[in-house]
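Please look through the structure below with its sequence at hand, and follow the explanation from one part to the next.

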Protein chains: 2
Amino acid sequence: MPTLLLDQQKCLQNMEKMALKAARHSLSFRPHCKTHQSVEIANWLRDFGVNALTVSSFPMARYFAEAGWEDILVAFSFHPGDLEKLMELSERCKLSILVDSPAALPFLHHIPMQIGFYIDIDTGYARTGIKAENLDLIEQIIVKARTSPNLEFRGFYCHAGHSYKAGSLKEGDEIHHKALRDLGGLKKQFGLYSPKVLYGDTPSCSRQEDFGKIDEITPGNFVFYDLIQHTLGACTMEEIAVAMECPVAGRYPAGERIVIHGGAVHFSKESLLVNGASIFGQLVPRSEEGWTTAAIKRYLTGISQEHGVMEQCGDLIREVNIGDKLLFLPVHSCLTAYLMREYQTLDGKLIATLNS
Amino acid sequence: MPTLLLDQQKCLQNMEKMALKAARHSLSFRPHCKTHQSVEIANWLRDFGVNALTVSSFPMARYFAEAGWEDILVAFSFHPGDLEKLMELSERCKLSILVDSPAALPFLHHIPMQIGFYIDIDTGYARTGIKAENLDLIEQIIVKARTSPNLEFRGFYCHAGHSYKAGSLKEGDEIHHKALRDLGGLKKQFGLYSPKVLYGDTPSCSRQEDFGKIDEITPGNFVFYDLIQHTLGACTMEEIAVAMECPVAGRYPAGERIVIHGGAVHFSKESLLVNGASIFGQLVPRSEEGWTTAAIKRYLTGISQEHGVMEQCGDLIREVNIGDKLLFLPVHSCLTAYLMREYQTLDGKLIATLNS
């Protein structure tokens with residue numbers, strides 16, 4: 001079976017680097033835990049001064065609250081199906097949620113414990129959130145929420161997820177600066193309410209040095225990084241902190257093809273275009289310390305439910321035997337970690353997750 | 001949170017239809033359980049005369065063996081990393097595995113209990129298996145295996161997975177008939193060893209009526225079907241037996257956009273091209289009995305970790321409120337079921353899986 005290896009040193013270095021950057025820019029730091037979904041890994045962040053987390057669902061919030069985290073933002077648009085879980089959780093920790101519609105407020109009117117909310121702002125991603133220009137709607141939410149005794153407006157939240165679609169570093173920069181302008185404008189416009197501004201996709205938080213009027217960053221993927229982040233210029237290959245260890249299940253010299261046990265239920269079907277073709281992972285050579293970077297780039301070129309396929313392996317086919325274990329950097333570490341449900345550190349220790 | 005709904009009646013009808021087809025063609029029937037990964041659902045197959053299963057991993061084999069299934073094929077190329085699990089399982093049930101290289105045999109030489117193996121044949125999929133023309137290699141495996149006292153050659157196995165890439169029904173037919181010719185030829189060539197021929201991808205088993213010299217079919221996806229199978233002509237829309245129920249988390253009238261709680265960790269990132277664009281699920285209207293088929297085709301047009309996005313929803317945006325639950329047929333039910341880990345029948349009963 002495949003194993004998800006975690007290089008703890010790289011992970012700690014990634015955490016430290018982001019924490020130092022936040023400190024350098026006087027930003028609060030509320031890492032998103034949907035990437036690792038692990039209490040043990042979240043607890044490593046405490047050494048870097050972190051005491052508040054971001055999560056993407058109420059079950060995830062509960063998992064971290066039960067482990068002693070006291071300040072949690074559920075960064076997913078609130079809808080009434082989550083009301084019961086919200087009420088339960090509001091008794092356990094300082095809870096914040098996202099709201100992007102006045103339609104959500106009536107459900108929150110009678111909650112018995114205080115919670116905070118951030119208004120989700122769309123600066124161009126076009127997934128969730130209110131467009132920054134839509135001042136009337138934003139004001140309507142703030143004013144309406146003030147009639148609910150236990151609902152506190154805490155500020156604005158923005159995930160500029162379109163940074164993942166940026167075709168160039170320059171385009172990534174433009175997305176970031178547009179977000180800074182939008183969020184800075186809102187902070188001023190609604191200054192009366194002293195809003196905090198939360199922001200943070202991993203590419204922008206990793207690459208940028210100007211954070212304008214942002215108060216707090218909420219990146220998640222930076223703890224591990226992955227091939228997508230590398231493509232976006234957010235990390236070096238050496239900073240990627242997780243690798244899939246997969247046994248060779250077949251070798252087919254005629255086609256220079258190697259098949260591994262490691263498929264869509266392990267890596268996910270997330271792909272990346274390399275030279276016009278979809279790839280699902282990149283081979284890295286094993287080293288004494290874990291893994292190193294490859295001189296020759298070789299990729300997982302196909303994936304089905306349990307199988308991964310490397311085509312046109314060249315010489316590698318002669319170096320590899322059935323049962324050997326190959327290492328691959330994942331395309332999207334959040335999905336791979338979610339599927340694998342646990343980590344094995346380089347010294348063999350297992351680390352559990354919410355999904356173990 | 002999203003829920004994976006299972007229409008048990010449709011599922012039973014799909015099972016019955018495939019069982020009747022197998023009987024009509026005098027084929028044994030060894031359904032693949034990687035799609036549902038559920039003992040309860042596998043047990044429904046007993047009513048249709050099924051007493052042997054196919055699985056894709058040793059943990060899956062163990063799960064079904066512990067539930068009383070006595071004849072299990074692990075349809076994944078054997079590699080030495082699985083030896084310990086194989087030996088444990090060989091004490092519990094009649095076990096078969098796949099072999100496609102002489103390199104696998106030495107590891108199996110000293111196993112204490114008898115197991116059977118099938119030689120994996122590649123009729124064009126180019127994933128695992130030996131090409132049918134490679135008679136020397138096939139003979140080498142059969143002869144070499146005879147020196148291992150507890151290793152029994154049982155025949156040939158073929159998963160013609162390239163049927164999923166067929167661009168037309170005609171191309172699908174050609175893939176099927178090429179496989180029948182290849183496998184029929186091998187059965188004759190190695191007639192001395194009385195090999196059984198196992199075959200079965202869901203598109204071919206669903207659509208074809210000529211099974212040549214095949215002895216046993218091993219389809220898996222047919223219990224649920226999905227949008228990919230529908231595109232391949234393997235099922236009607238009405239036969240798709242699972243649907244994702246997802247709460248509406250946001251509605252954005254300006255963009256005619258609806259956002260649901262239901263993302264890549266629920267549906268998977270498997271996509272299907274519809275009119276040149278990737279889709280991740282198809283909306284179906286709720287009905288008294290479960291769901292029905294839609295007059296207007298609407299799709300999940302984007303997916304991220306926890307969010308699903310429907311763009312250009314037209315009138316639907318005015319009919320839907322935050323918290324409403326929408327139903328979607330999955331693109332690839334195997335991956336969706338794996339991610340969701342449990343089913344809810346239309347009368348509200350929860351059905352567990354290996355991964356629950």
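In this predicted model, 13 residues of domain 1 of chain A are in contact with 9 residues of domain 2 of chain A. Domain 1 covers residues 8-223 of chain A and domain 2 covers residues 237-352, and the C-alpha centres of these two domains of chain A lie 33 Å apart. On the side of domain 1 of chain A that touches domain 2 of chain A, α1 (8-24) and α2 (39-44) of chain A each supply at least two residues, and the largest share, 4 residues, comes from α1(A). Sorted by class, the residues on this side of domain 1 of chain A comprise 3 nonpolar, 7 polar and 3 charged.

From the contact within one chain we can turn to the contact between the chains, where 39 residues of chain B are in contact with 39 residues of chain A. The elements of chain B that give two or more residues to the side touching chain A are β4, β11 (242-252), β12 (257-261), α9 (264-267), β19 (307-310) and α11 (333-340), and β11(B) provides the largest share, with 4 residues. This side of chain B has 16 nonpolar, 17 polar and 6 charged residues.

How the two chains are arranged follows from their superposition. Chain B is superposed on chain A by a rotation of 180 degrees with 0.0 Å of shift along its axis, at an RMSD of 0.0 Å, and the two copies are therefore related as by a two-fold rotation axis. The C-alpha of chain B nearest the axis belongs to B:Lys269 and is 2.8 Å from it. Both copies use the same surface, since 100% of the contact residues of chain B recur in chain A.

Strand β4(B), which contributes to the side of chain B that touches chain A, also leads into the interior of chain B. Over 5 bridges, β4(B) and β5(B) pair in the parallel sense, with B:Val74 standing opposite B:Ile97 in β5(B), and β4(B), α4(B) and β5(B) make a right-handed β-α-β unit. On strand β5 (residues 94-99) of chain B, 5 of the 6 residues are buried, so this strand is largely enclosed by the rest of the structure. Strand β5(B) is also joined by 4 bridges to strand β6 (residues 115-122) of chain B, the two running parallel, and here B:Ser96 stands opposite B:Gly116 in β6(B).

Helix α3 (residues 58-66) of chain B has as its buried residues B:Phe58, B:Met60, B:Ala61, B:Tyr63, B:Phe64 and B:Ala65. The elements of chain B that cover these buried residues of α3(B) include α2 (39-44), β3 (53-55), β4 (71-77) and α4 (83-90). After α3(B) comes B:Gly68, whose phi is positive, near 100 degrees.

Positive phi values also deserve a look outside glycine, as most residues other than glycine have a negative phi. A:Ala126 has a positive phi near 60 degrees; this residue lies in the loop between β6 (115-122) and β7 (130-131) of chain A and is partly exposed, with 17 other C-beta atoms within 10 Å. A:Glu256 likewise has a positive phi, near 45 degrees, and is placed in the loop between β11 (242-252) and β12 (257-261) of chain A, where A:Glu256 is partly exposed, with 16 other C-beta atoms within 10 Å.

Note on methods
Residues are numbered from 1 along each chain as its sequence is written. Chains are lettered from A and ligands numbered from 1 in the order in which they are written. This is a predicted model: local features need pLDDT of at least 70, side-chain atom pairs count only at pLDDT 80 or more; totals for chains, interfaces and linings use all residues. A residue is buried if 20 or more other C-beta atoms lie within 10 Å of its own, exposed if 12 or fewer, and partly exposed in between; C-beta atoms are placed from the backbone. Two residues are in contact if their C-beta atoms, placed from the backbone, lie within 7 Å. Domain bounds come from an automatic or database domain assignment. Ala, Val, Leu, Ile, Met, Phe, Trp, Tyr, Cys and Pro count as nonpolar, Asp, Glu, Lys and Arg as charged, and the others, Gly among them, as polar. Copies are superposed by least squares on the C-alpha atoms of residues with pLDDT of at least 70 in both. Two strands pair if DSSP finds at least two bridges between them. A crossover is right-handed if, with the strands pointing away from the viewer, the path from the first strand over the helix to the second runs clockwise.
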